[in-house]
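Subject: Structure handover

Hello,

Here is the structure I promised to pass on. Please open it and keep it beside this email while you read.

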Amino acid sequence: MTKRRYLVGVLATLAIVGPLAYLWQQSRMPGTYNVMDMGYVDHGGGPTTGGHHAADVSVDDLRVQDDREGDVTFVLTAREERFELASGRSVNGFTVNGTSPGPTITARVGELVEVTLRNENVPAGVTIHWHGIDVPNSQDGVAGITQDAVRTGEEHVYRFVAEQVGTYWYHSHQVSHRQVVRGLLGAVIVLPAEPDDRLDVTALAHTYGGVRTINGEEGAVTVPATSGQVTRVRVINTDNGRIPVWSGSPYKVLAVDGYDVNEPTTVNGKLYAVPAGGRVDLEVVAPARVQIGGSTALVVGEDSEPVRQPRDTVDLLSYGSPAELPFEAGATDRDFDYRIGRRPGFVDGVPGFWWSINGHLWPDIPMFTVEEGDVVRFRIKNSSGEIHPMHLHGHHAVVLSRNGEEATGSPWWVDSLDVEDGEEYEIAFLADNPGLWADHCHNLNHAAEGLIAHLMYAGVTTPYELGDDSGNEPD
């Protein structure tokens, strides 16, 4: 009887441990691997073969076909060091040319931007991703996907044409959940060909050691302005979470994620919620106080008392006036689901409660496959229990609906979109920028925990590799 009980116990243990050991083993990643070998291909109901490509093209071949010298040239040197913010507070982190935020890169539309990135002493390596700028794929700056991380003592040159007027930013996409949080970032402003009469002010929000700053300053940052001066305030959210922005005086939402709002109207008594990674351009008339979260503000002209945070939020689903889209959103070639959840399991051998995509854990996640010229629709549904700011590289998408309610305002173009728990969005875009593109949560800790998929154009390949032995760790 004792032996029988012992045998039953052993078998019961094996019945439990055996499947767990199998799942653990199956989740382990090799030392090096190609992102194209991950997960499974999802064609979104489109063709699986044929199409517009004639032969395989490497991401390295997808670059600016222009040999002219750069109109705007920068050298950006990345360092890991203890440094002093503009506020005077000293922090440990990463700098670009000795400061954080790094220098603002400003160009006019149509200019060729050439940036040399140098790694002085960052052991893990660095890259530069041009957040919101739809650059050619080879210039996207994602370690292990579009390039190798730039090692200590090395450099890498980026070249792209500033084709879209707007407010953007740059940041490292190597170990991004550490390097971005600790300061390896800066602003990019693309100006129109003709000067704007407005006063133009950039307000880059970033939190260092639990203290939010504006352009490295703490508290209220004052910008000199004459009474009645019309001002464009470019708010850039480089943190992992949403930032509420509001003003006690009337304002307009001029642009979102680099795209102008069609016929913006005056806003009173409402806040604007800027997603992680997102940007918004507001128009105010001096004197004005733009509150950027509860502890920081940009003061244009004379200061005024802070105004309590409004309860209501500007809803871009109905803000502004409709305008024609550059493609027929109702006639899609590919329809994808991006369902965000959470479940227990193993990721690279580590047990936990992980983010899931369409019920799968990383790396067994979909590779969304399109062909150039496709009109693509995504249905993004979040049932994970937390908000996720979703960021698609290389493209801007227009919001079609939220929770079944169709958009009725100005075309709402985004590259960073907050999807709250329980929400479902439909977005669409034209597949007009061939490459292999990350499509991930810009709460960078979530991306590092597996909330990242990719958009792949048929016929595009990458020679770069991920994995512990590759030295490339984009998130």
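A residue is called buried when its relative accessible area is under 20%. Tyr-208 has a relative accessible area of 3%, so Tyr-208 is buried. Phe-83 comes out at 5%, so Phe-83 is buried as well. Please remember throughout that this is a predicted model.

**Aromatic pairs**

Those two residues belong together. A pair of aromatic rings is described by the distance of the centres and the angle of the planes. For Phe-83 and Tyr-208, the ring centres are 6.3 Å apart and the planes stand at 75°. Planes over 60 degrees apart count as edge-to-face, so this pair is edge-to-face. Look at where the partners sit. Phe-83 is in strand β3, while Tyr-208 is in strand β11, residues 199-208. They are 125 residues apart, so the pair links distant parts of the chain.

How many aromatic pairs are there? The count comes to 12.

Trp-130 and Tyr-170 form another of the pairs. Their centres are 5.9 Å apart. The angle between the planes is 55°, and the pair is tilted. Trp-130 lies in strand β7 (residues 129-131) and Tyr-170 in strand β9 (residues 166-171). Here 40 residues separate the partners, and again distant parts of the chain are linked. Both Trp-130 and Tyr-170 are buried.

There is also a cluster. Ring pairs join Phe-336, Tyr-338, Phe-368, Phe-378 and Phe-429 in it.

**The sheet with β3 and β4**

Go back to β3, the strand that holds Phe-83. β3 covers residues 72-84 and runs antiparallel to β4. The two strands are joined by 7 bridges. Phe-83 faces Val-91 in β4. Glu-84 is opposite Ser-90, also in β4. β3 and β4 make a hairpin with 5 residues between the strands. Find Gly-88 in that hairpin: its phi is positive, near 100°.

Is β4 mostly covered or mostly open? Mostly covered: of its 7 residues, 90-96, 5 are buried.

Now widen the view. The open sheet has 4 strands, in the order β4-β3-β6-β8. Its pairing is mixed. Which strands stand at the edges? They are β4 and β8 (155-161). Each has a single partner strand, so one side of each is left without a neighbour in the sheet. On average, neighbouring strands here are turned by 25° against each other, direction ignored.

**A sheet of 5 strands**

Another open sheet has 5 strands. Their order is β13-β22-β21-β15-β19, and the pairing is mixed. At the edges are β13 (220-223) and β19 (272-274), which each pair on one side only. The average turn between neighbouring strands of this sheet is 20°, direction ignored.

Start at the β13 edge. β13 runs parallel to β22, residues 296-300, and 4 bridges join them. One contact to find is Val-223, whose bridge partner in β22 is Val-300.

**Cavities**

How many cavities of 30 Å³ or more does a search of the whole structure find? It finds 2.

The largest has a volume of about 140 Å³. It is lined by 14 residues. Closest to its centre are Ile-380, Met-390, Leu-392, Ile-427 and Asp-439. Three strands each supply at least two lining residues: β26 (375-382), β27 (388-392) and β31 (416-419). The largest share, 3 residues, comes from β27. By class, the lining has 9 nonpolar, 3 polar and 2 charged residues.

The second largest cavity holds about 60 Å³ of space. Its lining includes Val-256, Tyr-259, Asp-260 and Val-261. Leu-316 and Tyr-319 also line it. So do Ser-410, Pro-411, Trp-412 and Trp-413. This lining divides into 8 nonpolar residues, 1 polar and 1 charged.

**Where to look first**

Begin with Phe-83. It is buried, it stands opposite Val-91 in β4, and its ring pairs edge-to-face with that of Tyr-208. Then trace the sheet from β4 through β3 and β6 to β8. Finish with the largest cavity and find Met-390 and Leu-392, which are among the residues closest to its centre.

Best wishes

Technical notes
Residues are numbered from 1 along each chain as its sequence is written. This is a predicted model: local features need pLDDT of at least 70, side-chain atom pairs count only at pLDDT 80 or more; totals for chains, interfaces and linings use all residues. Side-chain values use heavy atoms; hydrogens and water are left out. On a 1 Å grid over the protein atoms alone, a cavity is a set of points where a 1.4 Å probe fits but cannot get out, and a pocket is an open set with protein on both sides within 12 Å along at least five of seven lines; lining residues have an atom within 4 Å of a point. Grid points are joined across faces, edges and corners, and a volume is the space filled by probe spheres set on the points. Ala, Val, Leu, Ile, Met, Phe, Trp, Tyr, Cys and Pro count as nonpolar, Asp, Glu, Lys and Arg as charged, and the others, Gly among them, as polar. Buried means under 20% relative accessible area, exposed over 50%, partly exposed in between (1.4 Å probe, protein chains only). Two strands pair if DSSP finds at least two bridges between them. Axes are lines fitted to C-alpha atoms, for helices over the stretch in contact, and angles run from 0 to 180 degrees between N-to-C directions. Rings of Phe, Tyr and Trp (its six-membered ring) pair if their centres lie within 6.5 Å; planes under 30 degrees apart count as stacked, over 60 as edge-to-face and the rest as tilted.
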